Amino acid sequence: MIKKAGFFVYANSIHKHGGFLFATREEMKEDKRNVEMTALLNTRTCPDKRDLASLVNELFPSGKGVEIGVLNGEYSKIILERWESGQLFMVDAWRHLDGYIDMNGQDDKYHHDCLVNACKNTKQWENRAHIIRMDSVASANMFPDEYFDFVYIDADHSYEGVVRDMKAWWPKVKKGGLFCGDDYIPQDGDIWMTVAGKESVYAGKFGVRKAVNEFMEKNGLKVYETTNEPYWKQWYTFKPF
């Protein structure tokens with residue numbers, strides 16, 4: 001209603017129980033808007049990936065977002081549970097990819113089952129959950145620049161794969177939007193992990209931290225990370241106005 005009355009509205013202090021709004025008939029200058037957003041992210045920390053999803057709702061309750069790398073749709077479900085009325089696009093190849101070395105780089109049947117699970121996990125929000133079964137970079141070309149309020153990357157965890165995805169999807173983020181992702185682990189390299197009490201399995205050669213840090217430095221951005229996830233951290237930043 002405030003926007004329809006001709007005001008520009010900016011989040012000043014928002015949390016899960018409420019907050020404050022600042023509205024003006026004159027649009028804030030870009031440098032001031034960047035200061036406001038930086039101050040918000042500096043004070044509004046995200047303990048874990050669930051809270052990152054809540055931050056998306058606080059900033060963009062009716063926005064549009066995309067998750068790159070969905071698998072079973074478990075995080076898709078978390079996002080949609082916490083998002084009031086946003087539209088989530090879910091991008092994943094959902095098929096075996098030659099040369100992709102990862103614990104999830106399995107056969108087509110495995111990926112078909114993951115696709116079915118993703119549909120089941122998001123069925124409650126099927127009017128807001130849009131599945132795109134494509135290569136991540138190819139699917140980025142479907143959308144105009146500055147289309148999404150947030151982009152979340154969790155696909156190919158190799159250095160080359162993350163660089164590729166960040167390059168393709170950064171232009172699709174709106175000014176003031178969130179750019180984020182998973183697996184910002186303390187050290188890159190060959191990662192082994194224990195799954196369901198079984199012997200350690202090879203999770204893949206990770207290069208997320210290096211790719212993210214290089215991207216942030218190149219673009220003059222500050223990288224934020226979740227505070228209560230000791231290993232499998234989330235990273236996030238915002239696109240300057």
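**Helix 7 and a few neighbours**

Okay, let's start with one residue: setting aside neighbours within four places in sequence, Tyr 159 is in contact with Gly 207, Lys 210, Ala 211 and Glu 214, where contact means heavy atoms within 4.5 Å. Before I go on, this is a predicted model, so local features need pLDDT of at least 70 and side-chain atom pairs count only at pLDDT 80 or more, while totals for chains, interfaces and linings use all residues. Residues are numbered from 1 along each chain as its sequence is written, and side-chain values use heavy atoms, with hydrogens and water left out.

Back to Tyr 159, which lies in helix 6. Helices here are DSSP runs of H or I with at least four residues, strands are runs of E with at least two, and both are numbered from the N terminus. The C-alpha atoms of Tyr 159 and Gly 207 are separated by 3.9 Å, though the two residues are 48 residues apart along the chain. The side chain of Tyr 159 also makes a polar contact with the side chain of Glu 214, at 2.5 Å. For a polar contact, we want a pair of N or O atoms within 3.5 Å; within protein, one must be able to donate a hydrogen and the other to accept it, and residues adjacent in sequence count only if both atoms are side-chain atoms.

So, on to helix 7. Its twelve residues, 208–219, should span 16 Å at 1.5 Å a residue (that's 1.5 Å times one less than the number of residues), and the end C-alpha atoms are 17 Å apart, which agrees.

Which residues of helix 7 are buried? They are Val 208, Arg 209, Ala 211, Val 212, Phe 215 and Met 216. These cover an arc of only 170° around the axis, so they sit on the same side of helix 7; the arc is taken from the directions from the helix axis to the C-beta atoms. Buried means under 20% relative accessible area, exposed over 50%, and partly exposed in between, with a 1.4 Å probe and protein chains only.

What do those buried residues pack against? Helix 6 (159–169), strand 7 (173–181), strand 9 (200–206), strand 10 (224–225) and strand 11 (235–238). On the face turned away from the buried side, helix 7 carries the exposed residues Glu 217 and Lys 218. Just after helix 7, Gly 220 takes a positive phi of about 65°.

Last thing: Leu 71, in the loop between strand 3 (64–68) and helix 3 (74–82), has a positive phi near 55° without being a glycine.
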